[in-house]
Structure formats: C-alpha cells, structure tokens
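Here are some friendly notes to read alongside the model. Please keep the structure open as you go through the points.

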Amino acid sequence: MKMSMRFFRKLAFCLSAALLLFILAVIGFYGIKGYVMYRDAVNEKTIEERVEEVRGREAFTAYSDLPDFYVSAVVSAEDRRFAQHFGIDPIAIGRALWNDVRAMSFVEGGSTITQQLAKNLLFTQEKKIERKAAEVFAALAIEKSYTKAEIFELYVNTAYFGNGYYGIGEAAMGYFGKRPAELSDYECAMLAGLPQAPSAYSPDTHRELAEKRTGQVLRCMVRNKAITKEEADRIAGEQTAAFAAEGM
C-alpha cells in the first residue's frame with residue numbers, strides 16, 4: 001500500500017513537472033514569435049513616428065479637451081487598473097486566460113488600454129497568440145516613453161468607433177454633431193462602450209444594442225466608484241426621456 005502511494009505521488013509529480021515544462025515551452029515559443037513581430041513592426045516605423053502621425057490628424061483631440069466623465073467611463077469599462085499597472089495587467093490576463101481555456105476560444109482578451117493602443121499603432125486586428133505577445137513588448141515600450149495621460153489620449157484617438165469613424169473626434173462629430181468637450185454624460189458613456197464591438201454597438205444602426213452597452217458602461221462606473229448608482233440611473237433616465245421626445 002505504501003509503495004503504491006509513493007508510486008502515485010511520483011507519477012503525479014512527474015506529470016505536473018511535464019505539464020509545467022510544456023507550458024513554459026509554449027510561452028517561450030510564442031514569446032519569441034511575439035518579440036520578432038514587435039521588432040519587425042518598429043523597424044518598419046518607430047513608435048515615435050507612428051505617434052506623430054496620429055497627433056497630426058485633423059480630428060485629433062487633446063487629453064485636456066476630453067470630458068472627465070468620458071475619461072472615467074473609458075477607464076471603468078476598459079481598464080480599471082490603468083493608473084496602477086505598467087502596461088499589462090496580470091490579474092486581467094489571468095482572468096482572460098481562464099475564461100478562454102473554459103470556452104476553448106478567444107472570448108476575452110485581458111488587454112489594457114496600453115496594449116490596445118499598441119495594437120492600434122503597430123499591428124493588425126487579427127487574433128493570434130503571437131500578436132498578443134507582441135502587444136506586451138510594445139506596451140512595455142510605450143509605458144516607458146509616454147505618460148498615462150498621453151497613452152489615454154493616443155488610445156482614444158486611434159480606436160475605431162464604427163461607421164468609418166476613427167478616434168473620439170470623428171466619432172463625437174459623426175454620431176452627435178459635437179466636439180468631444182460638448183458631449184453629455186450619456187453620450188460619453190455610449191462612446192466609451194463602442195470600441196469593444198463598434199459594428200454591433202453603433203447607435204446609427206443598432207440603437208437598442210448601443211443603449212444596452214451604455215447601461216453596461218454606467219454599471220462599470222458604479223462598480224469602479226466613479227459615479228453612484230443614483231447618478232447612473234439619473235443619466236440613463238434623462239437620455240431615455242430625450243429619445244422619447246425625439247421619437248427615437
């Protein structure tokens with residue numbers, strides 16, 4: 001009996017060690033591929049050159065011209081530890097990996113705002129493991145060179161908002177006929193939710209889904225203690241009344 005128990009313990013240890021080695025090998029393999037992808041991208045055009053191109057766009061909106069409510073909405077919905085992390089969020093990555101493994105598919109990315117900026121600046125939108133690894137290298141480089149305010153500013157100016165609108169400036173004018181600084185709280189929350197699925201949540205073509213997503217953003221803000229539940233209810237209620245008055 002004792003020999004049998006020792007055998008099974010040894011077998012369990014060997015299997016665990018083999019699994020760990022396999023995981024490390026996979027991480028190493030895709031880590032190398034990701035670094036090569038990152039290196040090729042910055043050799044083609046540096047991050048600094050790409051940033052200057054973004055800042056030169058006609059509809060570029062400075063961080064100082066963004067409503068505080070919009071900034072809070074984006075951070076709450078996309079990356080609530082944005083101010084604390086160094087470009088990647090291990091907690092979010094661990095949660096996303098667990099959900100992806102359970103679903104056997106890419107159902108959650110775990111990307112920070114910095115990683116999403118890296119993707120927008122340097123890579124395609126295609127979901128590949130090596131691209132996720134490349135994002136990590138790019139995000140670490142971006143965090144070394146730019147402040148959090150600059151990173152946020154660049155992200156919202158490169159994000160896709162649907163209907164051909166790239167950047168918060170184009171989206172605010174295209175959807176609401178306003179500059180970002182003129183947006184209402186509800187409009188800020190709606191635009192904060194669009195980049196997750198811009199085609200599905202476009203208020204021009206899928207108003208009901210856009211409103212549901214806006215409600216999710218407001219609830220994220222409540223959980224993040226950016227606003228109270230009473231404030232969220234008031235904002236949602238005011239917009240519902242406005243839509244009813246417009247006959248929408």
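1. A word on terms before the details: helices here are DSSP runs of at least four residues, numbered from the N terminus. With that in hand, please remember throughout that this is a predicted model.

2. On the overall fold, the secondary structure of the protein chain amounts to 11 helices and 0 strands. Reading from the N terminus, the order of elements is therefore α-α-α-α-α-α-α-α-α-α-α. The chain has 248 residues, of which 40% count as buried. Among contacts with a separation of 6 or more, 62% are between residues 24 or more positions apart.

3. How far does the confidence go? The mean pLDDT of the protein chain is 85, and 77% of the residues reach at least 70. Among the elements, helix H7 (residues 148-158) has the highest mean pLDDT, 98, while helix H4 (residues 90-103) has the lowest, 59. For residues 103-107 the pLDDT is below 50, and this stretch makes 6 contacts in the model beyond near neighbours in sequence. Residues 244-248 also stay under 50, with 2 contacts beyond four places in sequence. I would kindly ask you to keep these values in view when reading those parts of the model.

4. Helix H7 deserves a paragraph of its own. Of its 11 residues, 8 are buried, so H7 is largely enclosed by the rest of the structure. The buried residues are Ile 151, Phe 152, Glu 153, Leu 154, Tyr 155, Val 156, Asn 157 and Thr 158. Which elements cover them? The cover includes H2, helix H3 (68-78), helix H5 (113-122), helix H6 (129-145) and helix H8 (168-176).

5. Next, the charged pairs. Side chains of opposite charge can pair when their charged atoms come close. The structure holds 12 salt bridges, and three of them are taken up here and in the next two points. Glu 52 and Arg 55 form one, at 3.4 Å from N to O. Why do these two lie about one helical turn apart? Because both belong to helix H2 (residues 47-55) and are 3 residues apart there. Arg 55 has a relative accessibility of 28%, so this residue counts as partly exposed.

6. Buried or exposed: which describes the partners in the salt bridge between Asp 89 and Arg 81? Their closest N and O atoms are 2.8 Å apart. Asp 89 is buried, with a relative accessible area of 4%, and Arg 81 is buried too, at 17%. The cut-off behind this reading is under 20% relative accessible area.

7. The salt bridge of Glu 143 with Lys 148 has its closest N and O atoms 3.0 Å apart. Here Glu 143 is buried, with a relative accessible area of 17%, whereas Lys 148 is partly exposed, at 22%. Elsewhere, shared partners link salt bridges into one network made up of Glu 52, Arg 55 and Glu 150.

8. Finally, the interior space. The structure holds 1 cavity of 30 Å³ or more, and the volume of the largest cavity is about 40 Å³. Which residues line the largest cavity? They are Arg 57, Ala 59, Phe 60, Asn 157, Tyr 166, Gly 167 and Glu 170. By type, the lining divides into 3 nonpolar, 2 polar and 2 charged residues. Asn 157 links this point to the earlier one on H7, being on the list of buried residues of that helix as well as in the cavity lining.

Technical notes
Residues numbered from 1 in each chain as written. Predicted model: local features only at pLDDT ≥ 70, side-chain atom pairs only at ≥ 80, totals over all residues. Heavy atoms only, no water. 1 Å grid on protein atoms, 1.4 Å probe; cavity = no way out; pocket = protein on both sides within 12 Å on 5 of 7 lines; lining within 4 Å. Points joined across faces, edges and corners; volume = space filled by probe spheres on them. Nonpolar A, V, L, I, M, F, W, Y, C, P; charged D, E, K, R; others polar. Salt bridge = Lys/Arg side-chain N within 4 Å of Asp/Glu carboxyl O. Buried < 20%, exposed > 50% of the residue type's maximum accessible area, 1.4 Å probe, protein only. pLDDT = per-residue confidence, 0-100. Contact = heavy atoms within 4.5 Å.
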